[in-house]
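Work through the following exercises with the sequence and the model open. Each task is followed by a solution in steps.

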Amino acid sequence: MYKQYITILLAAILLSSCSKFEKINTDPNKTTIVTSEMLATTLLLDVTKTTFKSGTDFMRPHMLGKYTCWSSSANEEQYNRLGRTEFFDRLVVLNNIEKMISLATSSELKNSYTALGHALRAWRFFELTMQVGDIPYSQALKGETEGIIKPDYDQQKEVFLGILQELDKADSLFAKGVNFGGDPIYGGNTLKWRKMVNTFQLKVLINLFRKTADTDLKVITRFQKIMNGMPLFEGNEDNFQLKFFDKSGEKYPFYKEGNQSYVYIMLSSVIVDSLKNLQDRRLFYYTNPSPVKIEQGMAVNNWNAYIGLDPSMLYSNLTQIAGSRDYSTINDRYLELATGEPIYLLSYAELKFMQAEAVVRGWISGDAATYYNAGVTAAMKFVTDNTPDEARYHHNMQITNDYVQNVYLKQPAVTFSSQPDQQLKQIFLQKYLSTYLQDPGHAFYEYRRTGYPVFPVNPASNMNIPSDKIPSRWMYPQKELDFNSVHLSDAVQRQYGNDDVNGQMWLLKAN
């Protein structure tokens, strides 16, 4: 009886200890339950925040887009060296989509989260195919559900068809859904998401402008259908963008705190000279004047005080100029403001420029000049709305609505031309000017698509081979070579013959 009592007592103590152990090892500040809202936040922050980085890495896509130069070393992006992409790794987070949908607590919420899943899948696969060409799509992300760990590669046309279909589904399901939680971009507003997916589909279609004869893609018909009453961005407040806050982990990615990279930034002549040639006051919001010119007595609002450098010049020459201090760098607002400006991945201004281009190409009816002017106005407003009214941030050259409407847009070089070829160049240039330190990578893809504005190429400094060309794509990642080589080899052979950064993907070839 005594032994039995001791055994019961020890068991009770053991159970009690286990209970206390679980309590001690449970963080009261962390949830132990996964919800659709939590997974939505994870997915949305991954899609937005991984598009840009901080410090030196923040500037890399903008050096590739010829907005900036770099003085601490011969930067590969500035000098056009594209290696192997690591972008395939960014697909992994999409495995959360099915779980997010399954945890929805009502049929209406399930519609919304399913729509969100289609939108984010379309976004990620679009980014990836734009980098390399053919990619795993129909068999991608099926390792857990179907055991496919070595997916086949879909041809790029099929990927684009899938992306367009997913965006159609997203719009339809958002229309049947309800506002949902876990969304740091639009607060779960399904109407705003419908505007986003339809505006994004126009971007996908404008990139297919060489494929208008394809009867499967139906590029022009799709563009017209979206324009005919589908919800689209109506202002900068609809931008697909991430805002920043003066909190740890939420500050503008090039904010000065812990950032020593800013001392190496030099502005490119591609952006500076374009702004100067148009007497575009965004110059004074984007950049700082050369300190040498200011010391020589020039005013901070003197156009000639702003110096951009040829991004293709030899690095040895670049370092000499860096030592002289006679060049422009980025405006103080990018360093001094923890909240910075939002970084958008798709904007209302871009929508207006796409619509203007579609009119010029004869896809839709309407007044291209009206769309063009609206794009310029929206781009200017984005800058002023996100810049404090302080002299050091605009150098006493404020952009006002009167300046935009009655001065800037009426200049001969800015007023919309009557010649279609010149109209397209104006649209492409204004789009380029609007995405300074925005939408990472966009300027490179637009240059690849349109050839405008012209990026300088110097065979003596160009890291690409051949040295008289700018590359057009990234190579496939090493992980695909290591673990999916058979399918990758088939995809490379049918597209390029070999995995060459100068290879022309299907998207870039004429019909």
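**Exercise 1. Decide whether Tyr262 is buried, partly exposed or exposed, and place it on the surface.**

Step 1. In this predicted model, the relative accessibility of Tyr262 is 32%. Buried means under 20% and exposed means over 50%, so Tyr262 counts as partly exposed.

Step 2. Tyr262 sits in the loop between strand 2 (240-242) and strand 3.

Step 3. Together with Val263 and Tyr264, Tyr262 makes up a nonpolar surface patch whose accessible area is about 240 Å² in total.

Step 4. For contrast, take Ser261, which lies in the loop between strand 2 and strand 3. Its relative accessible area is 10%, so Ser261 is buried. Leaving out residues up to four places away in sequence, Ser261 touches Gly55, Thr56, Trp70 and Phe254.

**Exercise 2. Describe the largest nonpolar core and find which members touch the most others.**

Step 1. The background is that nonpolar side chains tend to be buried together in soluble globular proteins.

Step 2. The largest nonpolar core holds 147 residues, and Leu116, Trp193, Phe240 and Ile330 touch the most other members. Helix 5 (residues 107-132) gives the largest share of this core, 13 residues.

Step 3. Another core, of eight residues, lies apart from it; Cys69, Leu309, Met313 and Leu318 are among them.

Step 4. Now inspect Phe240. Beyond its neighbours within four places in sequence, Phe240 has contacts that include Val47, Trp123, Ile185, Trp193, Phe233 and Leu346.

**Exercise 3. Show how the salt bridges of Asp46, Asp216 and Glu295 join parts of the chain, and state how accessible the partners are.**

Step 1. Side chains of opposite charge can pair when their charged atoms come close. The count of salt bridges comes to 33.

Step 2. Asp46 pairs with Arg124, with 2.7 Å between the closest N and O atoms. Asp46 belongs to helix 2 (residues 36-49) and Arg124 to helix 5, so the pair ties together parts that are 78 residues apart in sequence. Asp46 and Arg124 are both buried.

Step 3. Asp216 pairs with Lys157, again with the closest N and O atoms 2.7 Å apart. This pair links distant parts of the chain, 59 residues apart: Asp216 is in the loop between helix 8 (190-206) and helix 9 (219-227), and Lys157 is in helix 7 (residues 156-176). Asp216 has 41% relative accessibility and counts as partly exposed, whereas Lys157, at 19%, counts as buried.

Step 4. Glu295 pairs with Arg325, the closest N and O atoms being 2.8 Å apart. Glu295 is in helix 12 (residues 291-295) and Arg325 is in the loop between helix 13 (315-324) and helix 14 (333-336), so the pair ties together parts that are 30 residues apart in sequence. Glu295 is exposed, at 56% relative accessibility, and Arg325 is partly exposed, at 39%.

Step 5. A network of salt bridges links Glu357, Arg361, Lys431, Glu446 and Arg449.

**Exercise 4. Examine helix 10 from its start to the residue that follows it.**

Step 1. At the start of helix 10, a side-chain oxygen of Ser268 comes within 3.0 Å of the backbone nitrogen of Val270.

Step 2. Helix 10 covers residues 269-277, and its buried residues include Ser269, Val270, Ile271 and Leu275. Their cover includes strand 3 (265-267), helix 11 (282-286) and helix 19 (420-434).

Step 3. Gln279 follows helix 10 and has a positive phi, near 50°.

**Exercise 5. Locate the positive phi values of Asn80 and Leu141, and the cis peptide bonds before Pro453 and Pro466.**

Step 1. Most residues other than glycine have a negative phi, and most peptide bonds are trans.

Step 2. Asn80 is not a glycine, yet its phi is positive, about 70°. Asn80 lies in the loop between strand 1 and helix 4, and at 4% relative accessibility it counts as buried.

Step 3. Leu141 also has a positive phi, of about 65°. Leu141 is in the loop between helix 5 and helix 6 (143-146) and, at 27% relative accessibility, counts as partly exposed.

Step 4. Tyr452 and Pro453 are joined by a cis peptide bond with omega of about -5°. The bond from Ile465 to Pro466 is cis too, with omega near 5°. Pro453 is placed in the loop between helix 20 (442-450) and helix 21 (478-483), and Pro466 lies in the loop between helix 20 and helix 21.

Note on methods. Residues are numbered from 1 along each chain as its sequence is written. This is a predicted model: local features need pLDDT of at least 70, side-chain atom pairs count only at pLDDT 80 or more; totals for chains, interfaces and linings use all residues. Side-chain values use heavy atoms; hydrogens and water are left out. Buried means under 20% relative accessible area, exposed over 50%, partly exposed in between (1.4 Å probe, protein chains only). Helices (H or I, at least four residues) and strands (E, at least two) are DSSP runs, numbered from the N terminus. Contact means heavy atoms within 4.5 Å. A polar contact is a pair of N or O atoms within 3.5 Å; within protein, one must be able to donate a hydrogen and the other to accept it, and residues adjacent in sequence count only if both atoms are side-chain atoms. Patches are made of residues with over 30% relative accessible area and no salt bridge: like charges are joined within 9 Å, nonpolar side chains (Val, Leu, Ile, Met, Phe, Trp, Tyr) within 5 Å. Accessible areas come from the Shrake-Rupley method with a 1.4 Å probe; for residues, only the protein chains shown count as cover. A salt bridge is a side-chain nitrogen of Lys or Arg within 4 Å of a carboxyl oxygen of Asp or Glu. A nonpolar core is a set of buried Ala, Val, Leu, Ile, Met, Phe, Trp, Tyr and Cys residues joined through side-chain atoms within 4.5 Å.
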